[in-house]
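Here is a friendly walk through one protein model, with the side-chain pairings taken in turn. Please keep the sequence and the 3D view open as you read.

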Amino acid sequence: MAAGEWRGWREATEEALYGPSGFYRRAEGPAGHFRTSVHASPLFAGAVARLLRRLDTALGRPDPLAFVDMAAGRGELVTAVLAALPQDVAARTRAYAVERADRPAGLDPRVSWLAEPPRGVTGLLFANEWLDNVPVDVAETDGDAVPRLVLVRDDGTERLGDPVTGEDARWLRTWWWPAGDGPAPDRDEASRPAGAGGSAGAPLAPSEGARAEIGLPRDRAWAGAVAALERGLAVAVDYAHFAGGRPPFGTLTGFREGRETAPVPDGSCDITAHVALDACALPGGRVVTQRAALGALGVSGARPPLALASTDPAAYVRALAGAGQAAELTAPGGLGDFGWLLQPVGLPDGLQGPSDSALREALLADVPGVPGVPGVPGRGDLLVDVPDHEEQ
């Protein structure tokens, strides 16, 4: 047996990522280990800047206009968004980078570096790949189909702990293993082994070895971030899954030096898990794929016309390079399948009102051939509805 303390994945991940020697405090930053959409192409920051401009119009051009970059890394996105804004909009924009690492040297002095989002601001809060790094506990079902907390040591060795109970159990029952997804229908409460949770609300899960990430801390983190806005739009962008299509063995994994690896909570690698965005969504929230959102914001992977190659070869080469970058950002099976959770705050009728037509143009425009997000009940067009938090 390896030496070390047994603890839940949430506690272990918190220290491994954000402790004094944690992964996200290392000098090379996240970009030294994996590519996000921000690092893949400047087209992403340009699209976010266009969204901010359209939101600015929808909000009546407030002064100041806030742009809050959650999980800002080394400030790459917030810097690029400021650079992409017209001078008149940039002059009114207050930029905030929210990150637990220290402020990087040489960052644009216009950017305020904070450990928590600013409160009472009006504008856009944008969280690109933040929620997947909010630490969560992991549950695994034993031979009696009882979800138990997975305990881990610093070297990644695991064992099962106590049954999941209380709020965590209610979250699993509501969002991951809802009623009716358990074992045989004749398995009643009295047939559970002692300590299985029973009246404490532990759900019955599909079969032995099924795993789930308990997303309640992410729901709360997202609600806290949204509450920072007085008016505007909060957007969470992440790999996601939805009710009816949860991965049977969870998604917990690690990344080190550009490669996926086993998650080991010793500070040597990123530890991440996909996000149940439908559980995070607050009333009025909507989910759209990145492919659809970027398409509505003018990012297209279409090849430039061949005629341009003969009339302006340099422009053709630039356009071809841009199309390649756009294709990466919107690729099915890759970055294009990211979910964008759109959470309006203080906008008339959510995203539907006539007074916010500029925002409607950005994210409710018809995009031919774009399906709804798989696994979420909805209209099957660009945006899909998500349920309210009735049991949380």
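## Salt bridges, rings and one helix

At 48% relative accessibility, Arg 220 counts as partly exposed, a class that runs between buried (under 20% relative accessible area) and exposed (over 50%), with a 1.4 Å probe and protein chains only. Its partner Glu 167 is also partly exposed, at 43% relative accessibility. The side chains of Glu 167 and Arg 220 meet in a salt bridge, 2.9 Å from N to O. A salt bridge here is a side-chain nitrogen of Lys or Arg within 4 Å of a carboxyl oxygen of Asp or Glu. Glu 167 belongs to helix H6 (residues 166-176) and Arg 220 to helix H7 (residues 216-226), so this pair ties together parts that are 53 residues apart in sequence. Helices (H or I, at least four residues) and strands (E, at least two) are DSSP runs, numbered from the N terminus.

A word on the model itself: it is predicted, so local features need pLDDT of at least 70 and side-chain atom pairs count only at pLDDT 80 or more, while totals for chains, interfaces and linings use all residues. Residues are numbered from 1 along each chain as its sequence is written, and side-chain values use heavy atoms, with hydrogens and water left out.

### The whole protein

The protein has 12 helices and 16 strands. Of its 392 residues, 54% are buried. Contacts (heavy atoms within 4.5 Å) often span the sequence: among those between residues at least 6 apart, 72% join residues at least 24 apart. The exposed surface comes to about 16,800 Å², with carbon and sulfur atoms supplying 52% of it; the areas come from the Shrake-Rupley method with a 1.4 Å probe, and for residues only the protein chains shown count as cover.

### More salt bridges

Side chains of opposite charge can pair when their charged atoms come close. The count comes to 11 salt bridges, and three of them are set out here.

| Salt bridge | N to O distance |
|---|---|
| Arg 92 and Asp 56 | 2.7 Å |
| Glu 167 and Arg 220 | 2.9 Å |
| Asp 278 and Arg 246 | 3.1 Å |

Where do the partners of the Arg 92 and Asp 56 pair lie in the chain? Arg 92 is in helix H5 (residues 87-92) and Asp 56 is in helix H3, 36 residues apart. Both ends are covered: Arg 92 is buried at a relative accessible area of 15%, and Asp 56 is buried at 2%.

Asp 278 and Arg 246 form the salt bridge at 3.1 Å. Asp 278 sits in helix H8 (residues 277-280) and Arg 246 in the loop between strand E10 (229-238) and strand E11 (253-256), so the pair ties together parts 32 residues apart in sequence. Both of these residues are buried. Salt bridges that share partners also join Arg 7, Glu 11, Glu 15 and Asp 154 into one network.

Arg 246 has a second partner to look at: its charged end sits over the ring of Trp 176, 5.9 Å from the ring centre. The rule asks for NZ of Lys or CZ of Arg within 6 Å of the ring centre and within 35 degrees of the ring normal.

### Aromatic pairs

The structure holds 7 aromatic pairs. Rings of Phe, Tyr and Trp (its six-membered ring) pair if their centres lie within 6.5 Å; planes under 30 degrees apart count as stacked, over 60 as edge-to-face and the rest as tilted. Phe 23 and Tyr 24 have ring centres 5.2 Å apart and planes at 85°, so they are edge-to-face. Phe 23 is buried at 2% relative accessible area, and Tyr 24 is buried at 7%.

Phe 44 and Phe 126 make another edge-to-face pair, because their planes stand at 70° with ring centres 6.0 Å apart. This pair links distant parts of the chain, with Phe 44 in helix H3 (residues 42-58) and Phe 126 in strand E5 (residues 121-128), 82 residues apart. Phe 44 is buried at 0%, and Phe 126 is buried at 0% too.

### Helix H3

H3 has 17 residues and reaches 25 Å from its first C-alpha to its last, close to the 24 Å expected at 1.5 Å a residue; the expected span is 1.5 Å times one less than the number of residues. Its buried residues include Phe 44, Leu 51, Leu 52, Leu 55 and Asp 56. After H3 comes Gly 60, whose phi is positive, near 85°.
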